[in-house]
Amino acid sequence: MLDLNFIREKPDQLKEALIKLNTDAPIDEILALDEERRTLLTEVEALRHQRNVTSEKIGRMEKGEERQALIAEMRQVGERIKALDGPVSDVEELLREAMLQVPNMPHETVPVGKDDSENVVVRTEGELRQFDFEPLPHWDLGPVLGIIDFERGVKLSGTRFYVLKGLGARLQRALIAWMLDLHVNEQGYTEIYPPFVVKRECMVGAAQLPKFEANIYHDVEDDFWFIGTAEVPLTNLHRDEILDADQLPLYYVAYSPCFRREKFSAGKDTRGIKRGHQFDKVEMYKFATTENSYEELEKMVDNAEDVCRRLGIPYRVVQMCTGDLGFAAAKKYDVEMWAPGCGEWLEVSSCSNCEDFQARRANIRYRPETGAKPEFVHTLNGSGLALPRTLIAVMENYQQADGSIVIPEVLRPYMGGIETIS
RNA sequence: GGAGGGAUGGCCGAGUGGACUAUGGCGACGGUCUUGAAAACCGUUGUGGGGGCAACCUCACCGGGGGUUCGAAUCCCUCUCCCUCCGCCA
């Protein structure tokens, strides 16, 4: 959510930004509702003041005609207040709904572009492996090795589900455990095990709702919302709190399964395990002060890159242009691993600085110093990393001519010393 | 799932229809005293909205929502969460 004062004072600046973002938002509606709200408030608050003052006087008066007259008068005032209360809450609700539709503003360093074709490759690291045979895609490698079972996944749950089996399941578990240990032991993150279903307000706080409702699984009976990323519970960990400045920055990391309906990518990436309705992810998250959140973003991207480097897999870092920024981010980098079998760069991480956009929605503040007024924190999120795609990259980069897969050095302690899958 | 008890400010805790700004204590911050500190004493201490150049004025908030009343932390309805006991259970 943006600051209403900002929208009120600089609507043209916001409209310019919306053009760069290649999107739209009900700015004029917000301005009109804000105007109406303030007019109504002035009126109803004056009436309340009158009632407060007079009621207090009534309390101190002797019983009698004069007192009865005032009571009758205040009954009238009360009815006028009641008549205004409805419109006030209607306008406030409409204003809130409209405010939730407005995307975040891009940071000044974000390149302008219309869509993902204008994203900028910032750097490419690691040597692409030269194969003396034709590298296979994971959807061929997996079934042959008996570590991915597509048919039975579909039998159980339908399209976009698969089963990992034997050393395939073990390899994913090893990746998760190793990544968590890396973030916790060497990068300073605190491990969190969060709920995987949350209340509606958490989804609003993390900016998943109301805009992306069609993409979220929802249990109607208990009103539980299935998280599409651990970013959701991590954002809400400090919802409605005022943090001390000396606590910041806070670093959290959480493993979670992620559930996505994928309504917006029907028919895309249907082959393999690249895009499923359920996948695992290790997520990094930071609560930072307004001063250093951009330094923290660069550090977070490096934390994600570190996972790639240690796995020995070539990757590149891509900066999103304005047209591909998404709803909540002010600045965003993707980290993409090279997958030689399917022949594409796979997005394994997405690192964003949301500035105070989520913090306003979730009401997360900090006090810069004792006695100072609370300010909204800056929130950052980044995958560290998404599992199925990392699994793809490991399988395809470490495949051998005989169809076996060598386990990367760093994972072997997590695989009980196993060196190859064959 | 059944029965009972609760939810008040950063924390503890009083408050069953009207008084000044919701007692009091703890904590925190400022001050006096002191070479310095502690103790003692004095003072300050929530969040959000509206108006105003400003000092300031004003509205709302006692778990959430609704109701009664001239007036609600207080009375009524409802929901959520927590605690105790019973039942069930990985």
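Reader: How many residues surround RNA strand B, and which are the closest?
Author: In this predicted model, RNA strand B is surrounded by 23 residues, and the closest are Glu45, His49, Ser55, Arg75 and Arg365; a residue counts as near a strand if one of its heavy atoms lies within 4 Å of it. Of the atoms of RNA strand B that come within 4 Å of the protein, 78% belong to sugar and phosphate.

Reader: And what does Glu56 lie 3.2 Å from?
Author: A polar side-chain atom of Glu56 is 3.2 Å from a phosphate oxygen of RNA strand B, while Lys373 places a polar side-chain atom 3.4 Å from a phosphate oxygen of the strand. For Arg67, the partner of the polar side-chain atom is a base oxygen of RNA strand B, at 3.4 Å. A polar contact here is a pair of N or O atoms within 3.5 Å.

Reader: Which elements give two or more residues to that surface near RNA strand B?
Author: They are α3 (27-60), α4 (65-99) and β14 (364-367), and α3 gives the most, with 13 residues. Helices (H or I, at least four residues) and strands (E, at least two) are DSSP runs, numbered from the N terminus.

Reader: How do the residues of that surface divide into nonpolar, polar and charged?
Author: The surface near RNA strand B has five nonpolar, five polar and 13 charged residues, where Ala, Val, Leu, Ile, Met, Phe, Trp, Tyr, Cys and Pro count as nonpolar, Asp, Glu, Lys and Arg as charged, and the others, Gly among them, as polar.

Reader: Changing topic, at what angle do α5 and α12 pack?
Author: Helix α5 (residues 138-145) and helix α12 (residues 387-397) pack at about 80 degrees, with their axes 10 Å apart. That makes α5 roughly perpendicular to α12, a term that covers angles of 65 to 115 degrees.

Reader: Which residues meet there?
Author: From α5, His138, Leu141 and Gly142 meet Ile392, Met395 and Glu396 of α12, contact meaning heavy atoms within 4.5 Å.

Reader: Then the whole of chain A: how many helices and strands, and what share is buried?
Author: Chain A has 12 helices and 18 strands, and buried residues, those under 20% relative accessible area (1.4 Å probe, protein chains only), make up 50% of its 422 residues.

Reader: Where do the numbers and letters come from?
Author: Residues are numbered from 1 along each chain as its sequence is written, and chains are lettered from A in the order in which they are written. Local features need pLDDT of at least 70, and side-chain atom pairs count only at pLDDT 80 or more, with side-chain values using heavy atoms and leaving out hydrogens and water.

Conventions:
A polar contact is a pair of N or O atoms within 3.5 Å; within protein, one must be able to donate a hydrogen and the other to accept it, and residues adjacent in sequence count only if both atoms are side-chain atoms. Axes are lines fitted to C-alpha atoms, for helices over the stretch in contact, and angles run from 0 to 180 degrees between N-to-C directions. Angles under 35 degrees count as roughly parallel, over 145 as roughly antiparallel, 65 to 115 as roughly perpendicular and the rest as oblique.
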